[in-house]
Amino acid sequence: MFRNPIKLGSVKMFGANIEGSTILMIVLGIIIVVALSIFIRKTKTGRAMLAVSEDKDAAKLMGINVNTTITITFAIGSALAALASLLMFNAYPSLIPTSGSMPGIKAFVAAVFGGIGSIPGAMVGGIVLGIIEVLSGAYIPNGTKLANAIVFVVLIVVLIFKPTGLFGKKIKEKV
């Protein structure tokens, strides 16, 4: 077991103590969302990623190296996962082999909830799911034990009523 967090102190805000690691996670999350959004919309590589995600064959016909684009996408995803794990284990300094399984599943749920393909939607989905977990723990008897189940029930409800997520766009497929 690894226990060596970096202590960042805490700040008193609105009558509550907020840990420095929490503030760091929020600030870095916002920076990453803005940087990724700019990267995807403004750079040639980012637009190539969008094209490959839409239609690999058409992207290849347009001269995009699909294999390189997929490799870059996985590299960015891996770097973000490494950063997320560093931040998580700074906030929760207990490390076991299965430590990342539930946060990984919740990240997927947040992406689906916010809308697959929407970077800001994934962040908003994560924040909303975090709020749901905290409120279920505070206001529902045994809510802390049921928090994960409540998150998945909310996911099912969202998928039933808005299958594209909060910020997802409905794509019409031409036949």
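**Close-ups of a predicted model**

**View 1. Helix 5 and what it tucks away.** The buried residues of helix 5 are Lys-106, Val-109, Ala-110, Val-112, Phe-113 and Gly-114. Keep in mind as you look around that this is a predicted model. How far apart should the ends of helix 5 be? At 1.5 Å a residue, its 14 residues should span 20 Å, and the end C-alpha atoms are indeed 20 Å apart, so the two values agree. Just after helix 5 comes Gly-115, which has a positive phi, near 120 degrees.

**View 2. The salt bridge between Lys-106 and Glu-133.** The structure holds 1 salt bridge, and here it is: the side chains of Lys-106 and Glu-133 meet at 3.0 Å, N to O. The pair ties together distant parts of the chain, with Lys-106 in helix 5 (residues 101–114) and Glu-133 in helix 6, 27 residues apart. As a rule, side chains of opposite charge can pair when their charged atoms come close. Are these two partners buried or exposed? Lys-106 is among the buried residues of helix 5, while Glu-133 counts as partly exposed, because its relative accessibility is 22% and buried means under 20%.

**View 3. The hairpin made by strands 1 and 2.** Now for the two strands. Strand 1 and strand 2 run antiparallel and are joined by 4 bridges. Together they make a hairpin with 2 residues between the strands. Which residues pair up across it? Met-13 has Ala-16 in strand 2 as its bridge partner, and Ser-10 is matched with Glu-19, also in strand 2. In the turn you'll find Phe-14, with a positive phi of about 55 degrees.

**View 4. Helix 1 and its cover.** Helix 1 takes in residues 20–42. With 23 residues at 1.5 Å each, helix 1 should span 33 Å; its end C-alpha atoms sit 32 Å apart, so the model agrees with the expected span. Which residues of helix 1 are buried? They are Gly-20, Ser-21, Val-33, Leu-36, Ser-37 and Ile-40. And what covers them? The cover includes strand 1 (10–13) and strand 2 (16–19), along with helix 2 (44–54), helix 4 and helix 6 (119–139).

**View 5. Thr-69, a buried residue in helix 4.** Zoom in on helix 4 (residues 66–91) and you'll find Thr-69. Is Thr-69 buried or exposed? With a relative accessible area of 6%, Thr-69 is buried, because the cut-off for buried is under 20%. Setting aside residues up to four places away in sequence, Thr-69 touches Ala-48, Met-49, Val-52 and Ile-64.

**View 6. Lys-56 in helix 3.** Lys-56 belongs to helix 3 (residues 56–61). Its relative accessible area is 47%, so Lys-56 is partly exposed. Which residues does Lys-56 contact, leaving aside neighbours within four places in sequence? Those are Val-66 and Ile-70. For a sense of distance, Lys-56 and Gly-121 are 65 residues apart in sequence and 24 Å apart in space, C-alpha to C-alpha.

**View 7. A nonpolar patch on the surface.** Here the surface shows a nonpolar patch formed by Ile-127, Ile-131, Leu-135, Tyr-139, Ile-140 and Leu-146, with about 600 Å² of accessible area together. Which helix gives the most to the patch? That's helix 6, with 4 residues. One of the patch members, Ile-127, has its place in helix 6. Ile-127 is partly exposed, with a relative accessible area of 47%.

**View 8. Stepping back to the whole chain.** Time to put the close-ups in context. The chain has 7 helices and 2 strands, and reading along the sequence gives the pattern β-β-α-α-α-α-α-α-α. Along its principal axes, the C-alpha trace spans about 55 × 40 × 35 Å. Of the 175 residues, 22% are buried. The chain exposes about 12500 Å², with carbon and sulfur atoms supplying 69% of that area. As for contacts between residues at least 6 apart in sequence, 48% join residues at least 24 apart.

Conventions. Residues numbered from 1 in each chain as written. Predicted model: local features only at pLDDT ≥ 70, side-chain atom pairs only at ≥ 80, totals over all residues. Heavy atoms only, no water. Buried < 20%, exposed > 50% of the residue type's maximum accessible area, 1.4 Å probe, protein only. Contact = heavy atoms within 4.5 Å. Expected span 1.5 Å × (residues − 1). Pairing = 2+ DSSP bridges. Patch = residues over 30% accessible without salt bridge, like charges linked within 9 Å, V, L, I, M, F, W, Y side chains within 5 Å. Areas by Shrake-Rupley, 256 points an atom, 1.4 Å probe, with all protein chains shown as cover. Salt bridge = Lys/Arg side-chain N within 4 Å of Asp/Glu carboxyl O.
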